[in-house]
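The following exercises concern a single protein chain. Each task is followed by a solution in steps.

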Amino acid sequence: MSQRISAPDVHTVPHPAPAPAAERGPGLWIAGAGGVGREALDTALAAGVRVAGFLDDHLAGGRVRGLPVLAPSRIPSGARYLVGIADPGVRLRLAALLEQRGARPATLIHPRALIAPETELAEGCLVLGGAYVSSSVRLGAHTQVHYNATVGHDAVLGERVTVYPGGNVSGSVRLEDGATVGSNAVVLQGRTVGPGAFVGAAAVVTRDVPAGTTVVGSPARPLRGPGSA
């Protein structure tokens, strides 16, 4: 189910909003204890959401930032989780595993992000501090908008999309499932970035990007994948 953000809920306040009751109890589990996972922890702390620990096969049995790390297969049934990993393919596999274990996805929004009215966020989204998501945008499940990134009006982001720091997604853009917009890249108005495509850092997308293609430069040109030389 989607979460609709109405006008009174626009995230512009400088102090953390109260945590939902469902996330004050046992606490949220963050899948991935690397950089994005720790940024997700920072977001949870700023928003007043209790975190129970991390889920990470490589670090299981240890502690990160003072929190326990479990193997993902050991998540408690019925727990809430957020996948804090940038790779969309890994996000897909981990979400499937955790939901097989009876866990449910949660959404984290930093209190210093701004979410405009009539915007829908599916479960599992992560929006970091300084991000701006404009009016009438749709973010699909497990999509990430990193710090200081912007998403323009009426944009539609599919599942497991990533907009890296400083990325600029213009109005009415469509980013299909698993698409990635690199740091400081720009996708111009009305363009479509296909499933699994990757827009390189600082690239400027002036025309549609086919599925599975990596584009770089300004204007952006294919580096590999369908349409490359």
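**Exercise 1: Overall composition**

Describe the contact pattern, burial and surface of the protein.

Solution. Step 1: of the contacts between residues at least 6 apart in sequence, 31% join residues at least 24 apart. The model to which this value applies is a predicted one. Step 2: the protein has 229 residues, and 49% of them are buried. Step 3: the accessible surface is about 9,900 Å², with 53% belonging to carbon and sulfur atoms. Step 4: the secondary structure consists of two helices and 26 strands.

**Exercise 2: The six-stranded sheet**

State in which order the six strands of the open sheet are arranged, and identify the edge strands.

Solution. Step 1: the order is β4-β5-β3-β2-β6-β7, with mixed pairing. Step 2: β4 (63–64) and β7 (104–105) pair on one side only and are therefore the edge strands, given that pairing requires at least two bridges. Step 3: inside the sheet, β3 (residues 51–55) runs parallel to β5 (residues 67–70), and two bridges join them. Step 4: Leu 55 stands opposite Leu 70 in β5.

**Exercise 3: Helices on the sheet**

Determine which strands each helix meets and at what angle it runs.

Solution. Step 1: helix α1 (residues 35–47) lies across β2 (28–31), β3, β4, β5 and β6 (80–83), and its direction is at about 170° to β3. Step 2: helix α2 (residues 88–100) packs on the sheet through contacts with β2, β3, β6 and β7, making about 170° with the direction of β6.

**Exercise 4: Geometry and burial of α1**

Check the length of α1 against its expected span, then list its buried residues.

Solution. Step 1: α1 has 13 residues, so at 1.5 Å a residue it should span 18 Å. Step 2: the end C-alpha atoms are 18 Å apart, which agrees. Step 3: the buried residues in α1 are Val 36, Gly 37, Ala 40, Leu 41, Thr 43, Ala 44, Ala 46 and Ala 47. Step 4: Gly 48 follows α1 and has a positive phi, near 75°.

**Exercise 5: Nonpolar cores**

Which residues have the most contacts inside the largest nonpolar core?

Solution. Step 1: nonpolar side chains tend to be buried together in soluble globular proteins. Step 2: the largest core has 32 residues, and Val 127 and Leu 175 have the most contacts inside it. Step 3: beyond four places in sequence, Leu 175 touches several residues, among them Val 156, Leu 157, Val 181 and Val 193. Step 4: a second, separate core of 20 residues includes Val 36, Leu 41, Ala 86 and Ala 106.

How values were computed. Residues numbered from 1 in each chain as written. Predicted model: local features only at pLDDT ≥ 70, side-chain atom pairs only at ≥ 80, totals over all residues. Heavy atoms only, no water. Helix = DSSP H or I, 4+ residues; strand = E, 2+ residues; numbered from the N terminus. Contact = heavy atoms within 4.5 Å. Axes fitted to C-alpha atoms, helices over the stretch in contact; angles between N-to-C directions. Buried < 20%, exposed > 50% of the residue type's maximum accessible area, 1.4 Å probe, protein only. Areas by Shrake-Rupley, 256 points an atom, 1.4 Å probe, with all protein chains shown as cover. Expected span 1.5 Å × (residues − 1). Core = buried A, V, L, I, M, F, W, Y, C linked by side-chain atoms within 4.5 Å.
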